[in-house]
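Visitor: Could you walk me through this one? I would like to start with its pocket.

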Amino acid sequence: MPTKKKPQVTAAPARRRELLDRAAEVFAEQGYNATTVRRIADDAGMLAGSLYYYFDSKDAMLEEILRTFLDELWEQYDTVLAAGLGPSETFRSLVTESFLAIDRHRAAVEIYQNEAKQLIAQERRFGFLEVSQRKFEQTWLSTLERGVTEGEFRADLDTKVTYRFVRDTVWVAASWYRPGGQYSPEQIARQYLSMVLDGIAVRT
């Protein structure tokens, strides 16, 4: 589910990507409102005014960070959903893709977790976040409900509570996970799935 609007690229893509990565880390660490353009420029080793060669504003940087994360996430989710897997395998694949997204965009996920509610309420340009949230809830709920209907998940499962549990426990990993650490995202996903599915799958 692409977020439609794409930023206008007018400068070297590699340098833009580097600056966005640095900005994402600063936003995640300090909070969006507390972060200044000067702070981002200092972190990148450049003058604050030079950032405007690459980006129109701090808002534009944040928008591109979040759109890139969500566009890549939905590209992977949509591939999973189109594969025609059963509900348990769909659940497994969505969890794995979520942890892979955290591995690729850890800082962006942390920003999303901390700032999305405020951005949706105050910034018209971030309306795509609300659209993504609704699609995310629909995707996970339909997978869980299909698992109950098809007898792969427990008949007494409260799908809405389970959805909230899955949402919160998966994405909070961005606060502690660091790429290149002891465990790969796939290993973490397997551990997570072994704990969750033991609780929701039908026992045979």
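Visitor: How do the residues of the lining of the largest pocket divide into nonpolar, polar and charged?

Guide: Happy to help! This is a predicted model, where local features need pLDDT of at least 70, side-chain atom pairs count only at pLDDT 80 or more, and totals for chains, interfaces and linings use all residues. Residues are numbered from 1 along each chain as its sequence is written, and side-chain values use heavy atoms, with hydrogens and water left out. Counting Ala, Val, Leu, Ile, Met, Phe, Trp, Tyr, Cys and Pro as nonpolar, Asp, Glu, Lys and Arg as charged, and the others, Gly among them, as polar, the lining holds four charged, three polar and nine nonpolar residues.

Visitor: At 33% relative accessibility, is E18 buried, exposed or partly exposed?

Guide: E18 sits in helix α1 (residues 13–30); helices here are DSSP runs (H or I, at least four residues), numbered from the N terminus. Buried means under 20% relative accessible area and exposed over 50%, with partly exposed in between (1.4 Å probe, protein chains only). Because E18 has 33% relative accessibility, it counts as partly exposed.

Visitor: How far apart are the end C-alpha atoms of helix α8?

Guide: Helix α8 covers residues 185–200, 16 residues. The expected span is 1.5 Å times one less than the number of residues. That gives 22 Å, which agrees with the separation of its end C-alpha atoms, 22 Å.

Visitor: Which residues of α8 are buried?

Guide: What covers them includes α4 (87–104), α6 and α7, where contact means heavy atoms within 4.5 Å. The buried residues are P185, I188, A189, Y192, L193, V196, L197 and I200.

Definitions and conventions. Helices (H or I, at least four residues) and strands (E, at least two) are DSSP runs, numbered from the N terminus.
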